[in-house]
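Okay, thanks for coming, everyone. I'll walk you through one small piece of work today, so have a look at the screen and follow along with me.

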Amino acid sequence: MTATTSRTPIETAQIVARNAVPEVREALALMRIPAEVDTGEVIDGYGTVSVAMRSGDAYEFARWARTHATEDEHALHKQAR
């Protein structure tokens with residue numbers, strides 16, 4: 001159980017993921033990218049959010065992310081490989 005609530009760590013992870021879903025939906029809607037967004041499983045103690053979109057929209061999202069990432073974020077990504 002977590003210290004200040006009667007929730008288990010898994011329940012907390014699920015709540016965090018559930019709270020992220022509307023944020024992700026809103027962000028994709030602002031980009032005009034239709035997608036299905038829902039909670040996924042708890043993996044390694046972290047809640048997950050699943051996003052399903054058409055392949056063309058996925059490419060559009062990837063292009064948007066690459067053009068909006070800072071130079072530092074690009075460098076971190078290259079180091080992680």
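Before anything else, one term: a residue is called buried when its relative accessible area is under 20%, exposed when that value is over 50%, and partly exposed in between. Keep that handy. Also keep in mind that what you're looking at is a predicted model.

So, with that term, which residues of helix 1 are buried? They are A13, A17, V21 and L28. Look at the numbering for a second. An α-helix has 3.6 residues a turn, so residues three or four places apart point the same way. And what covers those buried residues of helix 1? The cover includes strand 1, residues 35–43, strand 2, residues 46–53, and helix 2, residues 55–68.

Let's step back to the whole chain. The protein has three helices and two strands, and if you read along the sequence, the pattern goes α-β-β-α-α.

Now the overall shape. A compact globule of 81 residues would have a radius of gyration near 12 Å, whereas this protein comes out at 16 Å. The C-alpha trace spans about 45 × 30 × 20 Å along its principal axes. And how much of the protein is buried? Of its 81 residues, 9% count that way. The accessible surface is about 6,700 Å², and carbon and sulfur atoms own 54% of that.

What about contacts along the chain? Take the contacts with a separation of 6 or more: residues 24 or more positions apart account for 31% of them. On charge, the protein has 9 positive and 12 negative ones, and their mean positions sit 5 Å apart.

Back to helix 1, which runs over residues 9–30. Here's a little sanity check you can do yourselves. At 1.5 Å a residue, the 22 residues of this helix should span 32 Å, and the end C-alpha atoms are 32 Å apart, so the two agree.

One residue to pick out in helix 1 is R25. Its relative accessible area is 45%, so R25 counts as partly exposed. If you want a distance to try on the screen, go from R25 to T67: they are 42 residues apart along the chain, and their C-alpha atoms are separated by 20 Å.

Next, the loops. Just after helix 1 you meet R32, in the loop between helix 1 and strand 1. R32 isn't a glycine, yet its phi is positive, about 60°. Is R32 buried or exposed? Exposed, because its relative accessibility is 74%.

There's another positive phi at D44, near 50°, and D44 is not a glycine either. You'll find D44 in the loop between strand 1 and strand 2. With a relative accessible area of 74%, D44 is exposed.

Last stop: D57, over in helix 2. Buried or exposed, what do you think for D57? The relative accessibility of D57 is 13%, so D57 counts as buried. And which residues does D57 touch, if we leave aside its neighbours within four places in sequence? Those contacts are with I33 and P34.

So, to pull it together: we have an α-β-β-α-α chain, a helix 1 whose buried residues are A13, A17, V21 and L28, and a buried aspartate, D57, in helix 2. Right, that's me done, over to you.

Terms used
Residues numbered from 1 in each chain as written. Predicted model: local features only at pLDDT ≥ 70, side-chain atom pairs only at ≥ 80, totals over all residues. Heavy atoms only, no water. Helix = DSSP H or I, 4+ residues; strand = E, 2+ residues; numbered from the N terminus. Rg over C-alpha atoms; globule rule 2.2 N^0.38 Å. Buried < 20%, exposed > 50% of the residue type's maximum accessible area, 1.4 Å probe, protein only. Contact = heavy atoms within 4.5 Å. Areas by Shrake-Rupley, 256 points an atom, 1.4 Å probe, with all protein chains shown as cover. Lys, Arg positive; Asp, Glu negative; His and termini not counted. Charge placed at Lys NZ, Arg CZ, Asp CG, Glu CD. Expected span 1.5 Å × (residues − 1).
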